[in-house]
Amino acid sequence: MKLERRAAMATLLADRGDDLLVVPGLGSTCWDLAAAGDNDRNFYLWGAMGGAAMIGLGLALAQPGKRVAVITGDGEMLMGLGALGTIGIQRPANLAVIVFDNGVYGETGMQPSHTHGRADRTGVDLLKVAAGCGIDLCLDVADEAGLADLAGRLKGLNGTLFARVAIEAAEPPRVLPERDGVVLKQRFRAAIGV
Amino acid sequence: MSGQAVVQDIDWPERLYQTFKRAGIRQVGYVPDAGHAKLIDRCRADPEIRDVVLTTEEEGVALAAGAWLGGERAALLMQSSGLGNCINMLSLARSCRFPLLMLITMRGEWEEFNPWQEPMGSIVEPVLKLCEAEIYRARKPDEVEGLAERAVQTVFGGERIAALLLSQELIGKKVWTK
C-alpha cells in the first residue's frame with residue numbers, strides 16, 4: 001500500500017520548528033507543501049523544473065545552522081539528476097533531498113516517468129542513483145513506519161540524506177500558494193533574518 | 001618596458017579573484033573552462049569560498065538563488081556554450097529578482113579552430129539581452145577588474161542578472177597540437 005502524498009507531507013512537517021527550511025519542486029509537491037500549512041520558510045517553486053535540489057544545496061551551504069529539506073517529485077528530480085552528483089560531492093550535513101515518487105507526471109495527465117517500471121526493473125531507481133552519487137544515507141520509504149523513521153531523521157538531520165517516498169499516483173485538489181517570486185524571496189529572507 | 005607590455009602583464013584572473021573577495025562572494029559554482037582555470041584554483045584554495053563544481057551550468061543558476069535565499073553571495077563561471085544550458089533556469093532569477101553574477105569565457109569568435117563553438121558563441125549577447133541581463137565585455141586585461149566591479153554593483157546592488165564576457169583574445173588561442 002503506497003502512501004498518500006498529502007498525509008506524507010503533513011507527517012514530515014509536523015512540529016517542523018523554525019530551523020527547517022523547505023523547497024518543493026514545481027507542481028504537485030508545491031501544492032502538497034502549501035496544503036500542509038503556509039510558512040514563510042517555504043520557498044515555493046512555480047517553475048525552474050530540475051532546480052529544486054540545487055536551490056536546496058545553495059541554501060544549505062549558506063545556512064549550516066538550519067536544516068534544509070527539498071521535497072520534490074520524481075519528474076522534477078529526473079530533470080536535474082546531475083544535482084545528485086553535485087550534492088554527493090558537497091555533502092552538506094544539513095540537507096535532505098526527499099522525492100515523492102509515484103512514477104508519473106501528475107500535472108500533465110499521469111504519463112509514466114522514467115521511474116515508472118522500477119518495481120519490475122524496467123525503470124530508473126533513484127535510490128541507486130543517489131547512492132551511486134555518494135550520498136551515504138539513502139532511505140527507501142514505502143510504509144508508515146518508514147515515513148515515521150524519515151520524519152525522525154529529518155528532525156535530527158546530521159548528514160546528507162536522500163529518501164524516496166513511494167506515494168500513490170493520485171492528484172488531490174490543488175492548493176495554490178503565493179506565486180509572486182519576489183514576495184516569496186523577500187518573506188523567506190526576512191523570516192530567517194538575512 | 002613598453003606600455004603595451006605593462007597591460008599584458010596584468011594578472012586579470014587574480015584581479016577577478018580579488019573582486020570576488022571585496023564583494024564577499026562565498027559560493028562559486030562552475031563548469032570548468034581553461035579560461036577560468038586560474039580563478040577556479042584561487043577559489044578552491046580559499047577556505048572562505050565554497051567551490052561547487054557542477055554537472056551543467058543551469059545547476060549554478062539554482063545554486064546562486066539558494067545561496068541568496070540563505071544570505072550569501074554567489075558567482076557562476078562558465079564558457080559561452082554553457083549559457084545555452086541555463087536559459088529556462090534563468091527564469092528563476094528573473095521571476096524572483098535573484099542576483100546572478102555570471103562570468104563567461106567566450107569561444108567561437110576569435111581565431112577559433114573548432115567551428116562547433118560558433119553557433120552558441122555567436123548568440124551569447126542576444127540571448128543575454130532577451131533575458132534582460134546586463135552585459136559587460138572585457139577585451140583587454142586592463143578592462144577586466146573595472147568591468148567586474150560594475151557587474152558586481154549591478155547584480156547585488158540592483159538584484160539583477162549581469163554577465164561579464166571575457167573575450168577570446170583576452171584568453172588566447174586554445175592550443176590543439178602539442
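User: In this predicted model, how exposed is R91(A), in terms of relative accessible area?
Analyst: Start with where it sits: R91(A) is in the loop between helix 5 and strand 3 (95-101) of chain A. Partly exposed covers the range between the 20% and 50% cut-offs. R91(A) falls in that class, with a relative accessible area of 44%.

User: And what is phi of R91(A) near?
Analyst: R91(A) comes just after helix 5 of chain A. It's a residue other than glycine, yet its phi is positive. The value is near 45°.

User: Which residue in the loop between helix 1 (5-13) and strand 1 (20-24) of chain A has a positive phi although it is not a glycine, and is it buried or exposed?
Analyst: The residue in that loop is D15(A), and its phi is about 50°. Exposed means over 50% relative accessible area. D15(A) has 72%, so it counts as exposed.

User: How do helix 3 (residues 52-62) and helix 5 (residues 82-90) of chain A lie relative to each other?
Analyst: Their axes come within 9 Å and cross at roughly 20°. Angles under 35 degrees count as roughly parallel. The crossing angle therefore makes helix 3 of chain A and helix 5 of chain A roughly parallel.

User: What is the make-up of the contact between helix 3 and helix 5 of chain A?
Analyst: Helix 3 of chain A passes helix 5 of chain A in a left-handed crossing. From helix 3 come A53(A), M54(A), L57(A) and L61(A), which meet A83(A), T86(A), I87(A) and Q90(A) of helix 5. Sorted by type, the contact residues are six nonpolar, two polar and no charged.

User: Which residues of helix 5 of chain A are buried?
Analyst: Buried here takes a relative accessible area under 20%. In helix 5 of chain A, the residues that pass are A83(A), L84(A), T86(A), I87(A), G88(A) and Q90(A).

User: How are helix 3 of chain A and helix 4 (residues 57-69) of chain B oriented to each other?
Analyst: The two axes come within 6 Å and cross at roughly 40°. The crossing is right-handed. With that angle, helix 3 of chain A and helix 4 of chain B are oblique to each other.

User: What do the residues of that contact between chains A and B divide into?
Analyst: Chain A brings M54(A), I55(A), L57(A), G58(A), L59(A) and A62(A) from helix 3, and chain B brings E59(B), A62(B), L63(B), G66(B), A67(B) and L69(B) from helix 4. By type, the contact residues of these helices come out as nine nonpolar, two polar and one charged.

User: Q27(B) lies in strand 1 of chain B, so what is its relative accessible area?
Analyst: Look at what surrounds it. Beyond neighbours within four places in sequence, Q27(B) touches residues of both chains, including G58(A), L61(A), A62(A), L63(B) and A67(B). Its C-alpha atom is also separated by 7.7 Å from that of A64(B), 37 residues apart along the chain. Q27(B) is buried, with a relative accessible area of 0%.

User: Why do the buried residues of helix 3 (residues 37-44) of chain B lie on the same side?
Analyst: The buried ones are L39(B), I40(B) and C43(B). An α-helix has 3.6 residues a turn, so residues three or four places apart point the same way. Elements covering the buried residues of helix 3 of chain B include helix 2 (12-23) and strand 1 (25-30) of chain B. L39(B), I40(B) and C43(B) are on the same side of the helix because they cover an arc of only 100°.

Notes: Residues numbered from 1 in each chain as written. Chains lettered and ligands numbered in written order. Predicted model: local features only at pLDDT ≥ 70, side-chain atom pairs only at ≥ 80, totals over all residues. Heavy atoms only, no water. Buried < 20%, exposed > 50% of the residue type's maximum accessible area, 1.4 Å probe, protein only. Helix = DSSP H or I, 4+ residues; strand = E, 2+ residues; numbered from the N terminus. Arc of directions from axis to C-beta. Contact = heavy atoms within 4.5 Å. Axes fitted to C-alpha atoms, helices over the stretch in contact; angles between N-to-C directions. Parallel < 35°, antiparallel > 145°, perpendicular 65-115°, else oblique. Left-handed = near helix turned anticlockwise from the far one by under 90°. Nonpolar A, V, L, I, M, F, W, Y, C, P; charged D, E, K, R; others polar.
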